[in-house]
Every structure is written in structure tokens, then in C-alpha cells.
Amino acid sequence: MAEGTSGGTAGPGRWTRSVTARPRLSLLLALVFTALAVVAGSGVADRMSGGGWQDPASESAYAADALDEQFPGARPNLLLLVDSGRPDGVDDPAVAAEAERLAGRLAAVDSVEGVTSYWAAAQAAGQAKGAEGAGEAQAAAAGLRSEDGGEALIAARITGDETRAGEIFDDLAPDFRGEHGPVEVRLGGQTAVYDELQGTIQEDLLRAEIIALPVTLLLLIVVFGSAVAALLPLAVGIVAILGTNAVLRGITEFADVSVFAQNLTTALGLGLAIDYALFIVRRYREELAAGADPLGAVGTTLRTAGRTVLFSALTVAVSLSAMLLFPQYFLRSFAYAGIAVVLLAAVAALTVLPAALVLLGPRVNSWRILPRRGGVMPGGPESGRGWARLAKLVMRRAPVFAVLTTAGLMLLGLPFLQVEFGTADDRQLPRSAESHVVQEHIRDGFPGTPGGTIEIYVEGDPAAAELAGYRERIAALDGVARVAGPAMDGGAGYLTVTAEGEAVDAASQDLVRDIRDIGPPFGASVTGTAADLVDAKDSIRSVLPWAALMIVLATLILLFLLTGSVLIPFVAVVLNALSLTAMFGAIVWVFQDGNLSGVLNFTATGDIETTLPVLMFCVAFGLSMDYGVFLLSRIKEEYDRTGDRDGAVVFGLRRTGGLITAAAVILAVVMLAIGTSRVTNTKMLGIGLALAVLMDAMVVRGLLVPAVLKLTGAATWWAPGPLRRFHERVERSGFSEGGPRAAGQEEQRPADKSDDLTPIGGR
């Protein structure tokens, strides 16, 4: 993105000429692209899936796939909760007859296999021979009947992948839901949960967009005072969102994509596009006010703010791309969506927006709604005297502010030390959701630990004596309530282990590890909810260091290219990590421990879904670095112009403090709109990221950055000779921020009497 020489009199560079040579054509092409994206992205939500938390290469995934293919009845994903409403309960002859009829109808549906029910199990128990066989049959029947006898279950497996299973569920659900003679039926199970998750997320996303768009427009009007200027960032955001939907629709042709990724598309599409457009439009208006013509103003804007946007987009994209290293498609989906929306937002801000600005010229300030007072737009980023005073205050007492702010952030993060990881289940949904109601009835009213069994897939044609010995060793383990099976067919089979504790508590996870440690002389693979969690945690633990290393190294390189300093990239990474402490502390205190669950209307489960902290770290780290790049780029630009370290920090905060705060507030509004979702994980994502963004913009950028840059002193901008010379070559290529002062390429910054850059100690 090379531009002409830095300076107010410089002519437009190659990039400016390329994007503004035919501005009307550029806007027409953007309009055509948007229209095509609308068509290409239509129906993307229907092709997304509701799962993706498991590692597909894990032992539990292998066993689950084998069981689903060979023994579909071992892992039912559809449950019909039959409410008798009779004094005699589910054993009433009329209830039994209707339930058997429903089970028969369900078994006749294509792609539905392994249908069983309480009534079939009870009949089998009555016909069983031998004490052991009768005991297992009676236990199986008892597990399908509520303890009060008023409800019982019909269980089945819908075959196919999540998308296909969801389609079949949608077709059969109306025929089975509701009243049938003497009984009432409600639908639950994994497929029902995923189906309701998908529908709920789509409804919530539409509501979030309805909330976020007008509020965002109102805030942009407050920031700019002009309706025309306010509409430009919103337009960039819409282009990015629609384009990303088209990209995701294409990815669904060859990979699974989580439905949750749509929320990130909206949040980042609006948030980052508005960030980038805010920075560019703000700088463009500043150059116009200094007397530049529209083309010259666009040239200076792209050389400075445009280059900052490029670096920001790269840093955010790198943070998000780290999720591609994880095998769970839940995380990979957010990488697909995040990378696409970030790059599309940057491309639109660096191509479409300059073309629009050239055409608008001074009319970018048209349709003024808020008047200027004293030459400064109320609430706009131009009014930065308060930020300058804050920077000076902080730098006078730099050690105090650095220590107290760091201690406060670490204190807010302490609850995360007590985090417990778990799996997502029906409690993600609102309490009124049908599948949540069904699973709640099963948890509270049925014996054992429904959904908490451990299945063991055995293969290799084991001998009967080997299987019997293996079963005995499992039964002798601590925490085992009952072992059922084996059920064999053609040299393969499975055993079902019922644990004494909860489905995914520490004891159940230990039991999974103990079973795997037995090591029988035949193939045995363990699956189930607890096994899924054990494998997911192991998978994330093994990949996380590499993902963190990728983010840190790429960030260090990009920030060195931006600033030419060796120290600043390390400082930025540490401060970014500190800015996330409040978010991680809050999600444990609120969502794991259940504080504010009544106010926020969610069901606390006592744990956090395993992949969510990884997702929130990658997104929040990228967003925090986004604001860090905005601030550091302006500090660097002023330092190159004057060589005054302290004055550059004051100037940078003065010029970007209001801008970053405005951008953070707007992004927080979008995130909080996402946080109104009725799905707990989405609510946690929205609220957590909103908190992280505000803490970073207002606490870290306003207090920690000036304090730390004051403390680092002369070392702030130091680099060893070889790296310094390399950076100078990069600068001359036009890729890096600012320019060498020795070349005499100082930018003529517009005069502003409010720019009080007196020394920190006073005049």
C-alpha cells in the first residue's frame, strides 16, 4: 500500500490513484458485489450445525461413530417424553397401547433406527431368562420410567450427520409432538437440542441486528455530528457482513460450520468495519479542515490511517486464524467467519470508502445534526483536551498508575483460577425451550444419571471369557454403579457403564481414564459425555501453546513493522493479556457460579464450555490489539515528526482517545446486543467481549499505556542496528507507519491551538 512521500504537499500515491481513479465505477462494483453476496449467502444458516465441540480424531469420536453405524440404539439422539396424565401412570393399558403405537410409527420413519421404549423394555424384562439377564432388562426398563411413574421415554437414533438429522427431525416433529389420545408427548435429545439452538440463534441474531443497527447509527451521528459521515461506517459494516455470509455459505459445501459463527460475523462485521471507517473518515475530515483538497486528503488518509487499518486487520486476522489449529469445528468456524469479516471490512474501508470520500468531498459533513461548539464537534473524536490532560497526569505519576492499574486488573481476574470446564447441553437454551424441559424432567425425575452413561465399543472378535473378565474389572472400579452388556454383533459390540456421580463431574472423568487404563487384549474405545469432555480438554491442552505462540510471534512481527521498536511489541502483548483478565474473571463469577443468573435469565451449570475461553481469548486479544494499533500508530507518527517521546504519547492519546472510546462503545453496543441472546454461550460471548473491549479502551489505553511508555523512557523506540536498518527499508517501501525524520519528510500537521504539548512537568 505504498503512497507518495509523507507531507501535506505530496501528491497522491499509487494506492490512492488506483482506488480513486474511477470512484463511481468502484462504488458500482461494490454494489454489484453486495447484491451477489446477498444471493450467494442466502440460506447459510440452514446449512450450519449446532455442535462441533468434540475432537473428530479422538477416541471418543471414533467410538461414537462406530456405535452410531453398527448399534444405533446404543446412543439415541431423539427422546419422546410421554406424559401419561393418568392415576395408574405409564402402566395404564391405554397409555401403554398408545405409546407402543407411537414407537411403531417412529420406527417406520426413514433414517430412524434403534427405537426402544419403557414399554418394550418392560416386556423384555418379563420374558428374560436367568437372574443376570432379567436384572439387566429390569434396570433398562427402570431407567426409561420416571420415579413417580407418571412419565416414560421412547428413544431412537436419527442417522446421518447433524444437518441431515436436523432436517429429518423437522419433518417428523409435528407428527409426534403434542397430545395423542391419553398421552402428551414432548421431544428432546441431542438432535432436538441442536435444532432448537439453531432456530433460537437465528431469531436472536435478527433481534440483535434490529437493536444494534439503529443504536449504532445514533452513536455514529453523535460522534460525527453529520448523518452522511455516520452512514459511511455502517455501509462498510453491511458490506462486510453480507460478504462473510457468502463466504460461509461456500465453506459449508466442504466443511462443517457452527451456527454460532453467525454471531461473530455480525459483531465483528459491524464493530471492526465501524472501527476502520471511523479512523479513516475522522482523518479525512481532519485533512479537509486543514485545507487539503478531497484527493489530497484521501492520499494522506490512506498513507496514515489506511496503513494503520491494514496493520490492525492483519493483527486481528492472525489472532482469529489461531483457531484453525484446533480440531473442533466449533472453533474453526469462528476462524472462518472472523478472518473473512475482518479482511472484507479492511478491503471495503481501503477501497470502497476512499472512492466514496472523493465523490463526497466536503459534503461528507452534510446533513449536520449536532452543531459544533467552539470548532469542535460535541462528543466527537476531535475533542481531546481531556485525554491530553489525562495522559499528562498519568505520566507524572507513572509508577503509581502502572502498579495500581495492573493490580486491579489481576484482582478482577482471580475468579478464573476456580474455573471448571464442562460440555454444552440443553441448559444453553432458555428454560421454556421444549428440549430443555424434557431434559430437565429426565434429570430431576428419572433414576440414575440420564445422559451420563459411558459406552465402550469393543472390536476384534473378543472371546466370551475375555469380555467377562473385562466387565468384572470395570465393575470393580470406584464410581461404577452398574455395567450392562455386552451386546455383540459380528465380532463387535458395546458395554454401557453407569457412573455413580453426575454426567461430567470430576469423578466421571476419572472413571473414563481408569477404564482406558485397563487395556484389554482386544480393541476397546470409550465414549460418552464424560469421555467427550476428557478428550476435548486433552485436545485443547495440546494445541493451545502452539496457538498462543502463533499469535504472539505474528503480533510481535507486525508491531515491529509498524513501530520499528523492539520493546513496544512485547509491551503491547503483555498489556493486551492484562486487558482480558476482567473478562475471564467475569465469565466465571457470573456464568459458572451463577451470580446474576436471574437478572440475565440463564441456567448456571457450574462450569464453562471447554472451547469458549479459547474463542474469547482469540477474539478479545485481536480486538484489543486493534485499539493498540490505532494508538501506537498515532504516537509513532508524532514521534517521527518531533522526536519528543512524552509529547508523542500525549498527542497520540489526545488524537485517538476519543476515537478509540467511541469505537469501543459502539462495538460494546453490538456485543451487548448479541449478549441479549437466550442461548447461554452466545450471551456469555457477547457480554464478555463487551467488557473486554471497554476495559481495554478505557483502562489499558487510557492509563496503562501512557504509564508504561513513560517508564520505558529512551528504550521505548530502541532497536539494534540491523533491525533498525531493516525497518527503515520497510518504511521506504511504503509499508510501515510514519517515515524517517532525517529524510525531511515531516507531515505538516494542521494547526490546532488546543494541542497543548507542553512538557509533562509543566512549562
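Two strands pair if DSSP finds at least two bridges between them, and the views below, which come from a predicted model, use the word in that sense.

**View 1. Strand E9 and the two strands that pair with it.** Strand E7 (residues 454-459) runs antiparallel to E9 and is joined to it by five bridges, and one of these partnerships sets Ile456 against Leu495 in E9. On E8 (residues 480-489), which is also antiparallel to E9 and is joined to it by seven bridges, Arg482 stands opposite Thr498 of E9. Two residues lie between E8 and E9 in a hairpin, and Gly490 in the turn has a positive phi of about 65°. Because eight of the eight residues of E9 (residues 492-499) are buried, this strand is largely enclosed by the rest of the structure. In a regular strand the side chains alternate between the two faces of the sheet. In E9, Ala492, Tyr494, Thr496 and Thr498 point one way, while Gly493, Leu495, Val497 and Ala499 point the other way, and all of them are buried.

**View 2. Strand E5 between its partners E1 and E4.** Strand E1 (residues 78-83) and strand E5 (residues 183-188) run antiparallel and are joined by five bridges, with Val82 standing opposite Val185 in E5. Strand E4 (residues 178-180) is likewise antiparallel to E5, through three bridges, and Glu179 has Glu184 in E5 as its bridge partner. The hairpin formed by E4 and E5 has two residues between the strands, and Gly181 in its turn has a positive phi of about 60°.

**View 3. The surroundings of Thr527 in strand E10.** Thr527 belongs to strand E10, which covers residues 523-528. With a relative accessible area of 0%, Thr527 falls under the 20% limit and therefore counts as buried. Although Thr527 and Ala61 are 466 residues apart in sequence, their C-alpha atoms are 7.0 Å apart in space. When residues up to four places away in sequence are not counted, Thr527 touches Ser60, Ala63, Ala64, Leu67, Arg75, Ile454, Glu455 and Asp532.

**View 4. Ser111 in a loop.** Ser111 is found in the loop between helix H4 (93-107) and strand E2 (112-117). Its relative accessibility is 27%, so Ser111 counts as partly exposed. Ser111 and Ala165 are 54 residues apart in sequence, and the distance between them, C-alpha to C-alpha, is 8.4 Å. Leaving aside neighbours within four places in sequence, the residues in contact with Ser111 are Arg157, Ile158, Thr159, Arg164 and Ile168.

**View 5. The largest nonpolar core and a second one.** In soluble globular proteins, nonpolar side chains tend to be buried together. The largest nonpolar core of this model holds 161 residues, among which Phe260, Leu268, Tyr276, Leu278, Val342, Leu357 and Leu615 touch the most other members. Val342, apart from its neighbours within four places in sequence, is in contact with Leu268, Leu272, Tyr276, Ala313, Val316, Ala317 and Leu320. A second core, separate from this one, has 37 residues, including Leu80, Ala103, Leu172 and Val438.

**View 6. Aromatic rings and a charge over a ring.** Eleven aromatic pairs are found in a search of the whole structure. Tyr118 and Trp119 form an edge-to-face pair, with 5.5 Å from centre to centre and 70° between the planes, and both of these residues are buried. Elsewhere, ring pairs link Phe260, Phe330 and Phe334 into a cluster. The charged end of Arg105 sits over the ring of Phe176, at 4.8 Å from the centre of that ring.

**View 7. Confidence along the chain.** The average pLDDT of the chain is 83, and 89% of the residues score at least 70. Among the elements of the chain, helix H14 (residues 398-412) has the highest mean pLDDT, 94, and helix H6 (residues 131-143) the lowest, 62. Residues 373-382 have a pLDDT below 50, and this stretch has 32 contacts in the model beyond near neighbours in sequence. Over residues 736-763 the pLDDT also stays under 50, and the model has 72 contacts for them beyond four places in sequence. Where pLDDT is low, the predicted coordinates should not be read in detail.

Notes
Residues numbered from 1 in each chain as written. Predicted model: local features only at pLDDT ≥ 70, side-chain atom pairs only at ≥ 80, totals over all residues. Heavy atoms only, no water. Core = buried A, V, L, I, M, F, W, Y, C linked by side-chain atoms within 4.5 Å. Buried < 20%, exposed > 50% of the residue type's maximum accessible area, 1.4 Å probe, protein only. Contact = heavy atoms within 4.5 Å. Phe/Tyr/Trp six-rings, centres within 6.5 Å; stacked < 30°, edge-to-face > 60°. Lys NZ or Arg CZ within 6 Å of the ring centre and 35° of its normal. pLDDT = per-residue confidence, 0-100. Helix = DSSP H or I, 4+ residues; strand = E, 2+ residues; numbered from the N terminus.
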